[in-house]
Amino acid sequence: MTAHAYALADGNTIPAIGLGTYGLNDQSGVDAIASAIHDGYRLIDTAYNYGNEEVVAEAIRRAEVDRSDLFVTTKLPGRHHGVDETLASFEQSRKRLDLDWVDLYLIHWPNPKRDRYVDSWRSMIKLKERGVVRSIGVSNFTPAMLDRLSAETGLMPVVNQVELHPYFPQAELRAYHAEHAIRTESWSPLAKRTELLAEPVIVEIAERHGSTPAQVVLAWHLALGAVPIPKSADAERRRENLDVFDLELEAGEVEAISGLERGRIWGADPDTHEEM
Ligand SMILES: NC(=O)c1ccc[n+]([C@@H]2O[C@H](COP(=O)([O-])OP(=O)(O)OC[C@H]3O[C@@H](n4cnc5c(N)ncnc54)[C@H](OP(=O)(O)O)[C@@H]3O)[C@@H](O)[C@H]2O)c1
């Protein structure tokens, strides 16, 4: 690991923090994403279902950064699970993104009742072999689902992007990831629409370090070795969220923040939640 990136199990490298783009649409989305890249964000997290892959494309065209220095992630929607559907859906995403390759392609949700995620995974392996995707992973998968992918295809995902924040630290899942060389990515890393950033434990640690509550939460993700992808529509907050690499929490502080555990923010359990 360099200071701001991790090696993935497939030999590629993932930046240690990314930009979430859910809700960044239209011209204001282009402006936000382009300014984020200008300010140093290199990992951009989008999805077919966010309806903003073209917005990401325009921002990348506008930003004066080498394509090979960027790490673009997109995700396969639930309604496109299946062998052929996955290949076709990827091609639509790639065209909208206006890219020769995507750095990380994820199965967005497992939708176990439909039971087609293994078929999709086989197609993602093909996409990686063709070189149009550099790394393949999943999102919202449980250890049992990950075991099944590995058993049926021989290939484990290198990333699992899951809900992760101090209210839901996912210790067991992270231990499983560590055993299987899977990098954890944290969605809703700031626990959107909760009072997390006003929690006394976090405010107190922020005051001690002369930083902001959001920076403390993001430093907590880094201390866990997870890749947070905070979203902000505000340039000042985006810069704040990226300026966290000098903030080192003590072990006791990390533990105190993890002590805020209380569960998922909107109850999206991958064993039952369906997203098409
Ligand atoms: N794989 C999945 O199933 C899945 C699910 C959910 C999300 N995601 C991904 O994860 C990304 C991040 O998650 P999220 O957007 O749900 O939540 P989040 O990043 O935890 O929180 C975003 C919220 O926090 C605010 N915020 C950001 N920086 C702040 C700061 N420094 N101080 C105070 N408030 C701040 C933002 O407001 P402003 O915009 O006004 O700053 C926004 O309301 C998404 O954009 C998406 O890319 C993936």
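Me: A crossing counts as right-handed if the near helix is turned clockwise from the far one by less than a right angle, and as left-handed if anticlockwise. In this predicted model, in which sense does α1 pass α2, left-handed or right-handed?

Reply: The crossing of α1 past α2 is right-handed. The near helix is therefore the one turned clockwise from the far one.

Me: Why are α1 and α2 called oblique to each other?

Reply: The two helices pack at an angle of about 45 degrees, with axes 8 Å apart. Roughly parallel would need an angle under 35 degrees, and roughly perpendicular 65 to 115. The angle of α1 and α2 falls in neither range and is not over 145, so the pair is oblique.

Me: Which residues of α1 and α2 meet, and what are their classes?

Reply: From α1 come Asp-26, Gln-27, Gly-29, Val-30, Asp-31, Ile-33, Ala-34 and Ile-37, and from α2 come Val-55, Val-56, Glu-58, Ala-59, Ile-60 and Arg-62. Sorted by class, this contact comprises eight nonpolar, two polar and four charged residues.

Me: How do you know whether the span of α1 is close to the one expected?

Reply: Helix α1 covers residues 26-39, which is 14 residues, and its first and last C-alpha atoms lie 20 Å apart. At 1.5 Å a residue, 20 Å is expected, so the span of α1 is close to that value.

Me: Which residues of α1 are buried, and what covers them?

Reply: Gly-29, Val-30, Ala-32, Ile-33, Ala-34, Ala-36 and Ile-37 are buried in α1. Their cover includes strands β3 (18-20) and β4 (43-45), together with helices α2 (53-62) and α9 (235-242). Past the end of α1 comes Gly-40, with a positive phi near 120 degrees.

Me: Why is Asp-26 called exposed?

Reply: Asp-26, which belongs to helix α1, has a relative accessible area of 59%. Exposed requires over 50%, so Asp-26 qualifies. The phi of Asp-26 is positive, about 55 degrees, although this residue is not a glycine. Its C-alpha atom is separated by 7.7 Å from that of Asn-52, 26 residues apart along the chain.

Me: What makes Val-55 a buried residue?

Reply: The relative accessible area of Val-55 is 12%. The limit for buried is under 20%, and Val-55 is therefore on the buried side. Val-55 sits in α2, and beyond its neighbours within four places in sequence it touches Leu-24, Asn-25, Asp-26, Gly-29, Val-30 and Ile-33.

Me: Why does Val-83 count as partly exposed?

Reply: Val-83 has 29% relative accessibility. Buried means under 20% and exposed over 50%, so Val-83 lies in between and is partly exposed. This residue is in helix α3 (residues 83-97). Apart from neighbours within four places in sequence, Val-83 is in contact with Asp-119 and Ser-123. Between the C-alpha atoms of Val-83 and Trp-121 there are 8.1 Å in space, with the two positions 38 residues apart in sequence numbering.

Me: What makes Arg-193 count as exposed?

Reply: Its relative accessibility is 76%. That is over 50%, so Arg-193 is exposed. Arg-193 lies in the loop between β9 (183-187) and α7, and has a positive phi of about 60 degrees although it is not a glycine.

Me: Why are α7 and α10 called roughly antiparallel to each other?

Reply: The axes of α7 (residues 200-209) and α10 (residues 251-258) come within 10 Å and cross at roughly 155 degrees. Angles over 145 count as roughly antiparallel, so the name applies to this pair. The crossing of α7 past α10 is left-handed. Val-201, Ile-202, Ile-205, Arg-208 and His-209 in α7 face Glu-253, Ala-256 and Ile-257 in α10 across the contact. That contact divides into five nonpolar, one polar and two charged residues.

Me: How do you know that α8 and α10 are roughly perpendicular to each other?

Reply: The axes of α8 (residues 213-224) and α10 come within 10 Å and cross at roughly 105 degrees. The range for roughly perpendicular is 65 to 115, so α8 and α10 fall inside it. Val-216, Trp-220, Ala-223 and Leu-224 of α8 meet Val-254, Ile-257 and Ser-258 of α10. This contact holds six nonpolar residues, one polar and no charged ones.

Technical notes:
Residues numbered from 1 in each chain as written. Predicted model: local features only at pLDDT ≥ 70, side-chain atom pairs only at ≥ 80, totals over all residues. Heavy atoms only, no water. Helix = DSSP H or I, 4+ residues; strand = E, 2+ residues; numbered from the N terminus. Buried < 20%, exposed > 50% of the residue type's maximum accessible area, 1.4 Å probe, protein only. Contact = heavy atoms within 4.5 Å. Axes fitted to C-alpha atoms, helices over the stretch in contact; angles between N-to-C directions. Nonpolar A, V, L, I, M, F, W, Y, C, P; charged D, E, K, R; others polar.
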